[in-house]
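Open the model in your viewer and keep the sequence panel beside it. The tour below goes from one selection to the next and says what is found at each stop.

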Amino acid sequence: MMAFSLFGKRGSDPAPPSEDRGAPDERSLFAGVQDPQSEGKLGFLDRMKQAVTRTRESLAGSIASVVALTHEVDEAGLDDLELALLAADIGADTTAAIMANLRARALRHGIASGDELKQLLKAELLRILDSVATPIKHPATPPEVILLVGVNGTGKTTTSGKLAAMFRREGHSVLLCAADTFRAAAIEQLEVWAERSDVSLIKTKQGGDPSAALFDALAAAKARATDVLLVDTAGRLHTKSDLMKELDKMTRTAARLVEGSPHQTLLVIDATTGQNGLQQARLFTEAARVSGIVLTKLDGTAKGGIVIAIAHELGLPVRFVGIGEKLEDLIPFDPTAFVDSLLD
């Protein structure tokens with residue numbers, strides 16, 4: 001039996017000193033988060049704060065007058081907060097649910113100050129995120145098959161490479177599968193990431209059958225007893241029906257060769273698209289059994305509130321966030337760190 005922490009074995013050898021990695025926070029779903037005290041690199045909390053800087057500044061600018069209040073928060077203050085949440089792209093439905101709870105609290109007990117309001121808001125956001133933060137069910141034996149899905153331009157291929165590099169740093173064997181055979185240069189791009197991540201790549205020619213590439217990759221992963229197989233899929237076919245059929249075919253192919261696979265289907269969303277990204281998520285949750293979200297480009301937007309909307313409206317957890325262009329700029333998502341970084 002092989003138990004996993006993150007996507008690897010529990011009790012595996014620690015990362016080399018150059019990675020500056022500490023013990024994981026017990027609240028986190030993932031192992032391997034960086035030690036906030038590491039020298040020479042930003043700690044995990046610092047990196048998260050840096051990633052949500054634009055969203056935090058947007059929220060802070062909007063609710064500064066509310067937080068500064070020393071008297072009891074009134075309806076006008078709650079209205080200001082509601083506008084701030086909408087501006088952060090938390091979404092109308094999710095914002096309405098949050099504000100209903102805050103107004104109910106104000107009606108029953110009152111809210112003594114802006115600072116108390118901020119603490120209550122933090123509790124509401126964390127409640128939403130924690131409600132979907134389910135543990136990952138890893139297979140007892142390798143390989144763990146992970147599909148990456150999403151529209152073109154969201155960063156699927158880049159995310160595949162960054163995930164491969166992260167797992168390799170943690171000492172796990174990884175295989176990449178280039179199953180996006182429709183987009184020009186997609187295979188070549190993944191070849192570059194495979195080389196940078198020091199992992200092997202299974203591919204076919206452009207325009208080939210993605211399921212055939214997946215079949216070969218699954219067979220290779222089984223033969224090599226590879227820990228993790230990452231599958232980069234196509235982001236756009238001619239119609240929605242084509243997309244759904246292709247993803248369904250790949251899912252069935254995986255299940256035939258590796259029992260219980262795909263074990264995870266991660267939907268890659270560009271955070272800068274905000275509510276449009278939520279619409280993309282709805283499409284792909286219809287076409288594939290999406291189990292979690294990878295949110296890219298979080299550092300480049302003031303719409304980081306989309307994380308909350310995804311959790312509330314889709315019932316899906318964010319598993320990883322992209323915070324930059326470097327190979328190591330993909331970090332596990334931690335609800336507490338995110339909320340603290342957003343409002344502190």
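Is Asn101 buried, partly exposed or exposed? Asn101 has a relative accessible area of 33%, and a residue is called buried under 20% and exposed over 50%, so Asn101 counts as partly exposed. Bear in mind from here on that this is a predicted model.

**Stop 1: Asn101**

Keep Asn101 selected and look at the element around it, which is helix H4. Now add Glu124 to the selection. The C-alpha atoms of Asn101 and Glu124 are 8.1 Å apart, with their positions 23 residues apart in sequence. Then add Arg127. Apart from neighbours within four places in sequence, Asn101 is in contact with Glu124 and Arg127.

**Stop 2: the whole protein**

Clear the selection and colour by secondary structure. Twelve helices and ten strands make up the list of elements. Of the 344 residues, 53% count as buried. Turn on contacts between residues at least 6 apart in sequence: 75% of these join residues at least 24 apart.

**Stop 3: Leu342**

Go to helix H12, residues 335-343, and select Leu342 within it. Its relative accessible area is 3%, so Leu342 is buried. Next, show Met48 as well. Leu342 and Met48 are 294 residues apart in sequence, yet their C-alpha atoms are 8.9 Å apart in space. To see what touches Leu342, select Val52, Thr55, Arg56, Leu59 and Leu125, which are its contacts once neighbours within four places in sequence are set aside.

**Stop 4: an aromatic pair and a cavity**

How many aromatic pairs are there? The count is one. Select Phe333 and Phe338 to see this pair: the ring centres are 5.3 Å apart and the planes are at 55°, a tilted arrangement. Phe333 and Phe338 are both buried.

Keep Phe333 on screen and switch on the display of cavities. The structure has three cavities of 30 Å³ or more. The largest cavity holds about 50 Å³ of space. Eleven residues line the largest cavity, and those closest to its centre are Leu129, Pro317, Val318, Phe333 and Pro335. Phe333 therefore turns up twice at this stop, in the aromatic pair and in the cavity lining, where the class count is eleven nonpolar residues, no polar ones and no charged ones.

**Stop 5: helix H6**

Select residues 156-169, which form helix H6. What distance separates its end C-alpha atoms? They are 20 Å apart, and this agrees with the expected span, because 14 residues at 1.5 Å a residue should also cover 20 Å. Colour the helix by burial: H6 is mostly covered, with twelve of its 14 residues buried. Among them are Lys156, Thr157, Ser160, Lys162, Leu163, Met166, Phe167 and Arg169. Step past the end of the helix to Gly171, which follows H6 and has a positive phi near 90°.

**Stop 6: two cis peptide bonds**

Select Pro142 and Pro143. The peptide bond that joins them is cis, with omega at about 0°. Pro143 sits in the loop between helix H5 (114-131) and strand E3 (144-149).

Then select Ser261 and Pro262. Here too the peptide bond is cis, and omega is near -5°. Pro262 belongs to the loop that runs between helix H9 (240-257) and strand E7 (264-270).

**Stop 7: two aspartates with positive phi**

Select Asp89, in the loop between helix H3 (75-87) and helix H4 (92-108). Asp89 is not a glycine, but its phi is positive, about 70°. Its relative accessibility is 14%, so Asp89 counts as buried.

Finish with Asp198, in the loop between helix H7 (186-197) and strand E5 (200-202). Asp198 is not a glycine either, and its phi is positive at about 60°. Is Asp198 buried or exposed? Its relative accessibility is 54%, so Asp198 counts as exposed. Show the two together: Asp89 is buried, whereas Asp198 is exposed.

Technical notes
Residues numbered from 1 in each chain as written. Predicted model: local features only at pLDDT ≥ 70, side-chain atom pairs only at ≥ 80, totals over all residues. Heavy atoms only, no water. Phe/Tyr/Trp six-rings, centres within 6.5 Å; stacked < 30°, edge-to-face > 60°. Buried < 20%, exposed > 50% of the residue type's maximum accessible area, 1.4 Å probe, protein only. 1 Å grid on protein atoms, 1.4 Å probe; cavity = no way out; pocket = protein on both sides within 12 Å on 5 of 7 lines; lining within 4 Å. Points joined across faces, edges and corners; volume = space filled by probe spheres on them. Helix = DSSP H or I, 4+ residues; strand = E, 2+ residues; numbered from the N terminus. Expected span 1.5 Å × (residues − 1). Contact = heavy atoms within 4.5 Å.
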